[in-house]
Amino acid sequence: MIVWASLLLLAGGALGAFLLRRSWQQRDGSAPGMIAGGWFVLLGLVLASVFLIGPVKGTALALVMEGIGALLVIWQGRVRRKAARLRDAEAAPEPLEEPGRFWRGVLRTLLAGPLGMTAAMGVAFCVTVYLPGDPRTRIVLGGLLMPVLWGLAMTWTLADRRLLRATAVLVGASVIGFGLAHLGASA
């Protein structure tokens, strides 16, 4: 049952996306039927899967399979162009030409690693404390959020040329995150 429903939803997503794409290609506004038909197919299949499979599984399956079908239509319509040669003024800026200093590399590593992790932990703890719902769910979400936040902190720290600004933001995020988490846990 699920396999056939998945294939039907995949084809329906492709059909709905095809109708919407065709209506978009006709820029003179003469395709309201295609727009209505595309949305009718997409929403109708979602509602049908809700009634046939169930409200949770049916909605999830419909959204995923219709999305994959729409991506197939988009992939089929892609256009590959040869890259134009960039002029020097349009090229991406080069990194600073100054020689690197060893101490700046050590400071960047310390900022991105331990201090970025501390800031990520503070924000993740704060989210875990204040998020509504079951405590087990909050802990899992906070645990999943922590490495993402750490990666963002590391990326931003290594991309920023000003070490003092990076230090201030990471220390501030750590203090505010842990402080709010402590206040929320004690209340």
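In which helix is Ser174 found? Ser174 belongs to helix H6, which covers residues 163-186. We will come back to this serine after a look at the whole fold; please keep in mind that the model is predicted.

Let's begin with the overall layout. The protein has six helices and zero strands, and reading along the sequence gives the pattern α-α-α-α-α-α. Of its 187 residues, 26% count as buried. If you take the contacts between residues at least 6 apart in sequence, 69% of them join residues at least 24 apart.

Now let's turn to a pair of helices. Two packed helices are described by the angle between their axes and by the distance between those axes. For helix H2 (residues 32-53) and helix H3 (residues 55-76), the axes come within 7 Å and cross at roughly 145°. The crossing of H2 past H3 is right-handed. On the H2 side, the contact is made by Val41, Leu42, Leu45, Val46, Ser49, Val50 and Ile53. H3 contributes Pro55, Lys57, Gly58, Thr59, Leu61, Ala62, Leu63 and Glu66. Sorted by character, the residues of this contact comprise ten nonpolar, three polar and two charged.

Several of these names return when we ask about the interior. Which residues form the largest nonpolar core? This core has eight residues: Ala5, Leu9, Val41, Leu45, Val46, Leu61, Ala62 and Met65. Helix H1 (2-25), H2 and H3 each supply at least two residues of the core. Met65 is a handy place to zoom in: leaving aside neighbours within four places in sequence, Met65 is in contact with Ser6, Leu9 and Leu10.

Another core lies apart from the largest one. This other core has six residues, among them Ala119, Ala153, Ala166 and Leu170.

Ala119 leads us back to our opening serine. Not counting residues up to four places away in sequence, Ser174 touches Leu115, Thr118 and Ala119. Is Ser174 buried or exposed? Ser174 counts as buried because its relative accessible area is 6%, and the cut-off for buried is under 20%. What does the side chain of this buried serine have within reach? A polar atom of the Ser174 side chain lies 3.1 Å from the backbone nitrogen of Ala119. Ala119 thus appears in two roles here: as a member of the six-residue core, and as the residue whose backbone nitrogen lies 3.1 Å from the Ser174 side chain.

Conventions
Residues numbered from 1 in each chain as written. Predicted model: local features only at pLDDT ≥ 70, side-chain atom pairs only at ≥ 80, totals over all residues. Heavy atoms only, no water. Axes fitted to C-alpha atoms, helices over the stretch in contact; angles between N-to-C directions. Helix = DSSP H or I, 4+ residues; strand = E, 2+ residues; numbered from the N terminus. Left-handed = near helix turned anticlockwise from the far one by under 90°. Contact = heavy atoms within 4.5 Å. Nonpolar A, V, L, I, M, F, W, Y, C, P; charged D, E, K, R; others polar. Buried < 20%, exposed > 50% of the residue type's maximum accessible area, 1.4 Å probe, protein only. Polar contact = N/O pair within 3.5 Å; in protein donor to acceptor, adjacent residues only side chain to side chain. Core = buried A, V, L, I, M, F, W, Y, C linked by side-chain atoms within 4.5 Å.
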